[in-house]
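Thank you all for coming. Let me put the structure up on the screen, and then I will walk through a few of its features.

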Amino acid sequence: MNKNIDTKKIIISNPLKLDCGKEINNFPVAYETYGELNSEKSNAILVFHALTGDQYVSGKNPITNKDGWWSYVVGENKPIDTNKFFVICANVIGGCMGSYGPSTINESTGKQIGTDFPIITINDMVNAQYELIKYLEIEKLFAVVGGSMGGMQVLQFVANFPDKAKLAIPIACTSSHSAQNIAFNELGRQAIMADSKWENGFYSNYKLNPDKGLAVARMAAHITYLSEKGLQEKFGRKLQDRDSLRYGFEADFQIESYLRYQGSVFVDRFDANSYLYITRAMDYFDLSKQCKGNLSDAFKETKTKFFVISFTSDWLYPTSENREIVIALNSIGADVGFVEIESDKGHDSFLLDVPSFLKTLGDYINSTYKVINERRI
Amino acid sequence: MKEEFNIISNLIEENTRVLDVGCGNGDLMKFLQENKTKDIRGLEISKEKVQNCLSKGLTVIEGNAESDLKQFPKSSFDYVILSQTLQAFLNPELVINELLKVGKKVIVTIPNFGYWRVRLQLLFKGTMPVTENLPHEWYNTPNLHMCTIKDFYNFCSSKNIKIFKSIALKKSRISEINKSNLNYKNLDSHLGIFLIES
């Protein structure tokens, strides 16, 4: 949330017309960069974060004091090696880490915008981040990469800017949010809105925080990021700090205690309204509908090379949905590679230490960088 | 292997679009990329092999030729290659038809079950043949539909598939197959290589 941390930020003065019809201007986009941009400006990688991510991809997150959310992937001598690449990541608009969002202070009232904030979409998020790329004066990115909602942004970015990235790597994502996806997001939103401290989104005016609702939303969502097998192996029916059941509603089981913990740490770093807005943006995402039902049309102009990755145990954005992206690209003869990585860590696999994923991703990015530079495209 | 790669490479014109079906670890793709064309894709069913290919920077899709060739548009590749894989499909005829749709030209190579060394094993030992080129036992072989050079040749004529070029390979000796030497080449070659078109 907006704490007094020195975040890198630009103010976008160009008006941005949102999908909802409203227009925003002079709004902040917070970002972070890692590594150095080379003199040809050919080594820039734009990373898009997922629902609860932020611009702090690697190193220490200055707000949580924990490792950046993609520390396994981005950093020195990591698959995306910051000795070699210039990595950029921006907080999405709607977010709560410095970019324009519901917790931004409205200067005329001195209060948070709250639910007066306009509804935003994945398309709006991507268009805002494009302004950052322009500001950094990068004509062409080497790659756009992201998992989950980050992957949706990758797809939207290439659809909007077909000649701005040489390589696109959408991971564990979908081109269209399914009924199941929407259902889980709605569950989370209802949990927040049912919290009496939500106050129709103006909780900050009353110095309140709907933390119970937000924690429940996080707990429910967290289950969807794991796999049944992973849960069973990690927790089973193991009891938490006790030898026998207590015949009550305390956290008897380790899984209960784990989820409660996940919920409680989340509310310290995330804004409840941002959770509403960003999940809504994901639900509205339907790239094929943007192209009148033909997903291939979204990419027909592009020369971007694609590499799609899914995970065997991801039931939130299953392989079948990732494969639809591959099929759409193949049907227009686009350059696309695809692999499903074996992992029992569920949707979260892309954030975790999954060696075959990290190796394949790293090797692919590095060898493609070499090939593309040799070819001087 | 190298001989087969050379022959395939010689059948392909420079800077064309190529799809290698059942590309394995990408050795042929790499070879063609260095010698013929940069525009080459692969389709492979084994995750591990797909990962090996991607690690080398090759554009490969994890998938099954029997179900996934459909997603490519008609004639979207100048050449589609099927190297020593036809015998492993449940439905080779369907695969050949799909290949002919996706590729303007198709290169199929087949381990020849009519090779005399193979025939002798069955004739004299009375056991299913195991050779350098066909190293599996009957109970663990991935090969479901073994055929001979002559079988494939006849298959093409019965299905009105045009054979542009047919080449026989024995060790490193290369020769052309034609109607008059078909029986001999069928006996004396371990590999047949066909350039075909629908």
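I would like to begin with A:Arg189, which is buried at a relative accessible area of 5%, where buried means under 20% relative accessible area, exposed means over 50%, and partly exposed lies in between, all with a 1.4 Å probe and protein chains only. Before going further I should say that this is a predicted model, in which local features need pLDDT of at least 70 and side-chain atom pairs count only at pLDDT 80 or more, while totals for chains, interfaces and linings use all residues. Residues are numbered from 1 along each chain as its sequence is written, chains are lettered from A and ligands numbered from 1 in the order in which they are written, and side-chain values use heavy atoms, with hydrogens and water left out.

Back to A:Arg189, whose side chain meets that of A:Glu186 in a salt bridge with an N to O distance of 3.3 Å; by salt bridge I mean a side-chain nitrogen of Lys or Arg within 4 Å of a carboxyl oxygen of Asp or Glu. Both residues lie in helix H3 of chain A, residues 179-194, three residues apart, about one turn of the helix, and helices here are DSSP runs of H or I with at least four residues, strands being runs of E with at least two, numbered from the N terminus. Unlike the buried A:Arg189, A:Glu186 is partly exposed, with a relative accessible area of 32%.

A second pair within one helix is found in H5 of chain A, where A:Lys229 and A:Glu233 sit four residues apart, again about one turn, and their side chains form a salt bridge at 3.6 Å, N to O. Here A:Lys229 is partly exposed at 46% relative accessible area, and A:Glu233, at 52%, counts as exposed. The same helix, residues 228-234, also holds A:Lys234, which is partly exposed at 48%. Leaving aside neighbours within four places in sequence, A:Lys234 is in contact with A:Gln254 and A:Tyr258, contact meaning heavy atoms within 4.5 Å.

How enclosed is helix H2 of chain A by the rest of the structure? It is largely enclosed, because 10 of its 12 residues are buried, among them A:Met149, A:Gln153, A:Phe157 and A:Val158. This helix, residues 149-160, reaches 16 Å from its first C-alpha to its last, close to the expected 16 Å, the expected span being 1.5 Å times one less than the number of residues.

Now to the interface, where the contact takes 26 residues from chain A and 20 residues from chain B. The two chains bury about 1,800 Å² between them, 49% of it on carbon and sulfur atoms, where buried area is the accessible area, with a 1.4 Å probe, that two parts lose on being put together, summed over both. A:Arg323, A:Asn330 and A:Phe338 supply 24% of the area that chain A buries against chain B, more than any other three residues.

Which charged pairs cross between the chains? The rule finds three salt bridges across this interface, and the structure holds 29 over all chains. One pair joins the side chains of B:Lys47 and A:Glu340, at 2.5 Å, N to O, and runs from helix H3 of chain B, residues 47-55, to strand S14 of chain A. B:Lys47 counts as buried at 17% relative accessibility, and A:Glu340 is buried as well, at 15%. Another is formed by A:Asp335 and B:Arg41, the closest N and O atoms being 3.8 Å apart, and both of these residues belong to a network of salt bridges that also links A:Lys305, B:Arg17 and B:Asp39.

The last residue I want to show is B:Glu62, in strand S3 of chain B, residues 59-62, which counts as buried at 7% relative accessibility. Its side chain reaches the backbone nitrogen of A:Glu340 at 2.7 Å, and, apart from neighbours within four places in sequence, the contacts of B:Glu62 include A:Arg323, A:Phe338 and B:Lys47.

How values were computed. A polar contact is a pair of N or O atoms within 3.5 Å; within protein, one must be able to donate a hydrogen and the other to accept it, and residues adjacent in sequence count only if both atoms are side-chain atoms.
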